[in-house]
Structure formats: C-alpha cells, structure tokens
Amino acid sequence: GNEGSAVFLLQNDVSSLGPERDLNRVRKDVDARLQGFSRILAVFQLFCNAFVLTLATIITWCVQKYVLDPFGLQYLQTLAFILVIAALVQMVEIILKKVSPALYQALGIFLPLITTNCAVLGVAILVIQKDYNLLESVVYAFSTALGFALALIVFAGIREQQALVRIPKGMQGVAIVMVTAALLSLAFMGFSGVDGGLKSLFGLE
C-alpha cells in the first residue's frame with residue numbers, strides 16, 4: 001500500500017543512519033515522510049480522476065452523437081459509456097506502469113477504483129441529457145472534476161481537524177463521518193444558485 005511504498009523510498013535514508021540516532025527519531029522521520037507521501041498520492045489520484053472524467057466525457061459524447069444516435073442504439077448508452085470509462089482507466093494504468101512503476105505500485109487498488117466512480121458515468125450521462133455541445137461538455141466535465149476535488153480536499157481537512165479534538169463516544173466512527181458529509185453537502189448547496197445570479201448580473205438571460 002502507500003506505507004509500503006513510502007518505506008521503500010526511505011530505505012536508503014534509514015540505512016545510512018548511525019547507531020547514535022535514537023529509534024524514536026527514526027520513527028518520527030518515517031511518519032513524517034509517510035504523511036507527505038500519502039498527500040502526494042491523494043493529489044495525484046484526484047488528478048487521474050479529473051483526467052479520466054474529462055476525457056471520458058469527450059469520448060462518450062462522440063460515441064453518443066456519431067454512433068448511438070445515428071443507428072438508434074440509445075438503449076446501449078449506459079453499457080457503452082461503462083466500457084469507454086473502463087478502457088480509459090486501463091489505458092491510464094498501462095501508461096503509468098510504463099512511465100513510473102513506483103507510483104503505479106504506490107497507487108495500488110485506488111487507480112482501478114476510478115472505474116467504479118459514479119461521478120464519471122454520471123457526468124457523461126448528464127451532458128447528453130442536457131444536450132450540451134462538445135465545448136460545453138468539456139467545460140462541464142472539467143468544472144465537475146474541480147468541484148469533486150475541492151469537496152474531497154475540504155472533507156479530508158475536516159477529518160484531520162476532528163482527529164485533534166475530543167468527539168463524544170456515541171458520535172465516533174461512522175456517525176461523525178455521516179454528520180460531516182451531511183453538513184458539507186448543505187454548504188455546497190449554497191452554490192446552486194450562483195449560475196442564475198451570474199446570468200442576471202451580466203444580462204445573459
């Protein structure tokens with residue numbers, strides 16, 4: 001996993017330490033490196049997710065407009081989109097394994113899990129339902145990926161802060177996670193009317 005990859009990267013540093021170094025100091029160094037390495041992996045995972053989401057939207061839009069619609073195969077939309085997303089994730093895996101084997105090993109199961117991310121399939125279907133053109137679809141997909149990344153970053157920050165405070169026993173674990181997710185979703189609902197306000201402000205309606 002992430003810890004194994006980080007420890008592998010630390011082997012040279014740890015082996016070079018002299019006997020005078022205290023074991024606790026070594027453990028602190030390893031923990032610090034692990035935390036930093038985990039954050040790098042998290043950011044890279046978000047980047048991969050955004051890349052797959054945007055590229056999948058472009059390809060699925062083309063498949064819908066130039067294959068499914070002309071031949072009357074709209075009922076195959078979900079199946080075709082899932083196959084496209086799975087193929088893109090596989091392509092990213094192959095490229096990453098060739099370019100950076102260490103990073104590929106560090107990501108482990110997290111990279112294939114992009115295939116099961118409902119946001120990727122949901123965006124691909126929404127751009128068709130909203131009848132966006134190709135440019136609008138790309139902007140919508142990229143903006144969704146940024147919003148998804150922002151939500152995860154904010155949620156991760158809140159979780160780190162919760163680790164520093166005393167949480168009542170009855171609210172620990174899944175309970176506080178669900179409450180945090182609910183409050184965060186309510187906060188993001190405040191952005192639902194921004195597009196209408198901007199249209200009114202600039203006279204686009």
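Author: Let's start with a word you'll need all the way through: a residue is buried at under 20% relative accessible area, exposed at over 50%, and partly exposed in between (1.4 Å probe, protein chains only). What you see above is a predicted model, where local features need pLDDT of at least 70 and side-chain atom pairs count only at pLDDT 80 or more, while totals for chains, interfaces and linings use all residues. Residues are numbered from 1 along each chain as its sequence is written, and side-chain values use heavy atoms, with hydrogens and water left out.

Reader: Okay, what percentage of the protein's residues count as buried?

Author: Of its 205 residues, 26% do. You can also look at the outside: the protein exposes about 13,500 Å², and carbon and sulfur atoms supply 68% of that. Those areas come from the Shrake-Rupley method with a 1.4 Å probe, and for residues only the protein chains shown count as cover.

Reader: How many helices and strands are there in the protein?

Author: Helices (H or I, at least four residues) and strands (E, at least two) are DSSP runs, numbered from the N terminus. Here you get eight helices and zero strands, so to speak a plain α-α-α-α-α-α-α-α when you read along the sequence.

Reader: Which contacts should I look at to see what joins up?

Author: Contact means heavy atoms within 4.5 Å. Take contacts between residues at least 6 apart in sequence: 66% of them join residues at least 24 apart.

Reader: Which residues of the largest nonpolar core touch the most other members?

Author: A nonpolar core is a set of buried Ala, Val, Leu, Ile, Met, Phe, Trp, Tyr and Cys residues joined through side-chain atoms within 4.5 Å. The largest one here has 25 residues, and Val52, Phe81, Ile85, Leu111, Ile114 and Val120 touch the most other members. Helices H2 (23-68), H3 (77-99) and H5 (118-129) are the elements that give two or more residues to this core. H3 gives the most, with eight residues.

Reader: Then let's walk along H3. How many residues does H3 have, and how far does it reach?

Author: The expected span of a helix is 1.5 Å times one less than its number of residues. H3 has 23 residues and reaches 33 Å from its first C-alpha to its last, close to the 33 Å expected. Now for its inward-looking list: Gln77, Ala80, Phe81, Val84, Ile85, Leu88, Val89, Val92, Glu93 and Leu96 are buried.

Reader: Why do those numbers keep jumping by three or four?

Author: An α-helix has 3.6 residues a turn, so residues three or four places apart point the same way.

Reader: What does Phe81 touch?

Author: Leaving out residues up to four places away in sequence, Phe81 touches Thr60, Gln64, Leu68, Leu121, Ala124, Ile125 and Ile128. Now try Gln77, also in H3. Gln77 counts as buried at 15% relative accessibility, and, with neighbours within four places set aside, is in contact with Gln64, Leu68, Ile125 and Ile128. A polar contact is a pair of N or O atoms within 3.5 Å; within protein, one must be able to donate a hydrogen and the other to accept it, and residues adjacent in sequence count only if both atoms are side-chain atoms. The side chains of Gln77 and Gln64 make one at 3.1 Å.

Reader: Which residues meet in a salt bridge?

Author: Look for a side-chain nitrogen of Lys or Arg within 4 Å of a carboxyl oxygen of Asp or Glu. Searching the whole structure turns up one: the side chains of Lys65 and Asp131, at 3.4 Å, N to O. Lys65 lies in H2 and Asp131 in the loop between H5 and H6, so the pair ties together parts 66 residues apart in sequence. Lys65 is partly exposed at 25% relative accessible area, whereas Asp131 is exposed at 55%.

Reader: And what caps the N-terminal end of H6?

Author: Asn133 does, with a side-chain oxygen 3.2 Å from the backbone nitrogen of Leu135. H6 (residues 134-162) has 29 residues and reaches 42 Å, and its buried residues are Ser137, Ala141, Ala145, Ala149 and Gln162. Thr144, in H6 too, is partly exposed at 25%, and its side chain reaches the backbone oxygen of Tyr140 at 2.7 Å.

Reader: Is Thr180 buried or exposed?

Author: Buried, at 7% relative accessibility. Thr180 sits in H7 (residues 174-189), and a polar atom of its side chain lies 2.7 Å from the backbone oxygen of Ile176. Not counting residues up to four places away in sequence, Thr180 touches Phe155, Ile158 and Gln162.
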